[in-house]
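Dear colleague,

I am passing on the structure we spoke about, and I would be glad if you could look through it alongside the notes further down.

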Amino acid sequence: MSNVIQTAVIAVLIENEAGALGRVVGLFSGRGYNIESLTVSVVDPSEKISRITIVTSGTPMVIAQIKAQLARIIPVHGVTDLTASGPYVAREMALVKVISTGDARTEGMRIADAFRARIVDTTAGSFVFEMTGAPEKIDAFVDLMRPLGLAEVSRTGVAAIARGLETFHSNQESF
Amino acid sequence: MNSAVSQEFRNTDALNGAEVLLRVLVEQGVEVIFGYPGGAVLPIYDALFRQGTIRHILVRHEQAAVHAAEAYARSTGKVGVVLVTSGPGATNAVTGLVDALMDSIPVVCISGQVPTALIGNDAFQEADTTGITRPATKHNYLVKHGADLAPIVREAFEVARGGRPGPVLIDLPKDVSVARAPLPEPGNGRLHRLYSPRLDADREAIRQTVAAMKRAKRPLFYTGGGIINSGPEASQALRELARRTNFPVTSTLMGLGAFPTTDRQFLGMLGMHGTYEANLATHGCDLLIALGSRFDDRVTGRVDAFSPNSFKVHADIDPSQINKIVRVDVALQGDVGRTIRALLAAWDDDGQDLGEWWAQIDAWRALDSLGFQQDMKPDAIIRPQYAVRRLYEMALGTGRDTYVSTEVGQHQMWAAQHFQFDKPNRWLTSGGLGTMGYGLPAAVGAQVAHPDALVIDIAGEASTLMNIQELGTIAQYRLPVKLFILNNRYMGMVRQWQELLHGSRYSQSYSEALPDFVRLAEAFHGTGMRATCVGELDDVIARMLAHDGPVVADICVAQDENCYPMIPSGAPHNEMLLGPDAEANAAKVTQEGMALV
Ligand SMILES: Cc1cc2nc3c(=O)[nH]c(=O)nc-3n(C[C@H](O)[C@H](O)[C@H](O)COP(=O)(O)OP(=O)(O)OC[C@H]3O[C@@H](n4cnc5c(N)ncnc54)[C@H](O)[C@@H]3O)c2cc1C
Ligand SMILES: Cc1ncc(C[n+]2csc(CCOP(=O)(O)OP(=O)(O)O)c2C)c(N)n1
Ligand SMILES: [Mg+2]
């Protein structure tokens, strides 16, 4: 195993109960693990199970620790490491507010178009763009908007899922 | 459940939450609760008053309740149970919970909470107990509905004792204790799909381990508290495996007693205050088999220099412990007792000749790294190591089953080095958290569990003051606990570090204004004794052991004694300090080492 820091996208299925998310977040802060992003939402029709997607980074030893520690949390049903188990899709949604007029405004619209960002709100002096994509694509978009009157960004964090026939259950880590 | 019990608890209609709680505790085999009352748990105390099955031990501080429950658990293999009130009762228990978490001790702590309708309103004696104890427990619960109570309590016991054991807290709002609650049959109303830890190690991993054992010329078993957790059969299996393989055995602080410390194959404890032979064997072995031990920093010293040339095998039930600190070559995930039995089954008694390895070990052993100088003139000052040795020899002479607890500090290390343990579950110490004040309440818990045994707290004068109020509990229940204080009038362990690392600037480590422990014992209805010189020591120990009530023995020992051997923080095992002559070596401690604890 190497000492190279790598990024991992980890999915966790957890009981939808009071304090469950706190246990996950507390694990990361208490043990000094990195959280680059964390998203959570209920995913089953009975509203009993939530799926958490965590983007984290560390050496392979630390990533292995993170997964083993997550699996120890009592309400956790399962853990998969999307980065380790094959190709996956990772998407994030961002709302980006740009306040500008004149050339900057036109340039902003042009770039938004190239990035396939949608305009979800507009006034004479402002736009709110909605864009979905890989986090790097959103980073690039936001960077380009910076000189064009970027005023505010709201991002959801990454949601991710395996490609093809693989599912959470087929990729689940066993401990 | 015995029939008297089921008689008493036959009628299950019209039970309130408190009664449901107690019935489930009885169903779980609980005989003793360590606790302290208060407003939020009055309904539970009322239900306790009206039953005759569970014994309640009233401690004098909630922290002590948890330590007592820990020792009860460690010395019996059962789950220890604690009952405390909301707010300050719960916050006082936190240190004990973290202690149990660090040392893998199964404890269920029930805390009262303000009524559900008041939660979040800064109500009187409200604390966010589940928030505070989340990182202090293996799991915790807030019972919001009476219907959840019985399933939660049942699950709490399963979580506490299952896999790697640990503390579980149940926060019980007062309205839930008061209101009627159902008592479903066990198995109904399950809450979580508890992950069942893997108990049997992978067969291929067993095969690889046995192959490594056959090849090894310098093997070593590094055993730990997990063997105690696994149960007495695991200790038995370890003895057999050691005998069959002729491999040397070392142990962590937490594992002492799993293998007889008086056995020829035992090298003593390893780590910061371990023996020369144990540490050099760890450094020089070609095969290191960790059995229920977790590569703690007190054990590894500098990690990149830890056992540098060995093939490493790690047997542990908790996958999060494997490859946490030290990368291993083979992981034996499972219950260590079963793992040892699997190794025994696969071992063909065809290992290498270990003659050279044992000759090397015996040469290290000949150095006698635990040696000390005791002037035997009657008025000579008592060396603390000598006091522990005499205590051991004389306790052994009584032929009684003996349980030893400790506080934290030099005395703890001297107890680990000089008292001998031939059976598991007899050694009760705070290893992971290192909680001063653990020992006296732990002695309470052990004595409650084993009323006829000899129970001794080997203490330091500073630590013992942290839970000295438990002399009241000891008096109330007439527990014949022996508090054996190695009184050096210093926070000796702190003083030692200040001497070695901070230019002998003894900042705040002198035990100023100590009480007269003899009179203190008397104030708590016990017997006090004091030994001030070698000539008095045996007599005090003999009288202490012969007395059938509680005794506080104030053993005035050398003030300036340091605990050796010692691996300074940040140093590798082969750079240990062996004694005072080596103190000049302390200059070797690196800047990074200074920053370590
Ligand atoms: C002042 C002071 C000085 C100290 N100096 C030393 C020292 O010199 N040497 C030393 O060794 N310690 C020392 N300690 C103690 C040290 O801090 C650790 O507590 C100790 O080393 C940990 O012991 P352990 O590795 O046996 O693990 P434990 O804390 O006992 O943990 C048990 C391990 O076994 C596993 N386990 C549990 N149940 C099972 C099962 N059924 N099957 C398989 N595995 C299981 C657990 O997952 C865990 O990994 C000192 C403490 C203090 C306070
Ligand atoms: C609750 C707590 N506070 C502080 C410490 C730090 N500490 C470790 S050992 C020690 C001194 C212990 O003194 P004493 O009980 O007299 O034992 P000695 O080392 O003298 O044998 C201290 C303060 C601790 N371990 N626990
Ligand atoms: Mg002292």
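The notes below take up the confidence of the model and then the surroundings of ligand 1.

Please keep in mind that this is a predicted model, for which the predictor gives the complex an ipTM of 0.93 and a pTM of 0.96. Chain B has a mean pLDDT of 95, with 96% of its residues at 70 or more. The pLDDT falls below 50 over residues 1-8 of chain B, a stretch that makes nine contacts in the model beyond its near neighbours in sequence.

As for ligand 1, 36 residues surround it, and the closest are B:Gly225, B:Thr252, B:Arg294, B:Asp316 and B:Asp335. By class, the residues of this shell comprise 12 nonpolar, 17 polar and seven charged.

Polar backbone atoms of chain B also lie opposite oxygen atoms of the ligand: the separation is 2.8 Å for B:His273, 3.1 Å for B:Met272 and 3.2 Å for B:Gly292. Of the 990 Å² of accessible area that ligand 1 has on its own, the protein covers 96%.

In terms of secondary structure, the elements of chain B that supply two or more residues to the shell around ligand 1 are helix 10 (225-230), helix 13 (297-300) and helix 17 (410-418), and helix 10 gives the most, with four residues.

With best regards

Conventions. Residues numbered from 1 in each chain as written. Chains lettered and ligands numbered in written order. Predicted model: local features only at pLDDT ≥ 70, side-chain atom pairs only at ≥ 80, totals over all residues. Heavy atoms only, no water. pLDDT = per-residue confidence, 0-100. Contact = heavy atoms within 4.5 Å. Near = heavy atom within 4 Å. Polar contact = N/O pair within 3.5 Å; in protein donor to acceptor, adjacent residues only side chain to side chain. Areas by Shrake-Rupley, 256 points an atom, 1.4 Å probe, with all protein chains shown as cover. Nonpolar A, V, L, I, M, F, W, Y, C, P; charged D, E, K, R; others polar.
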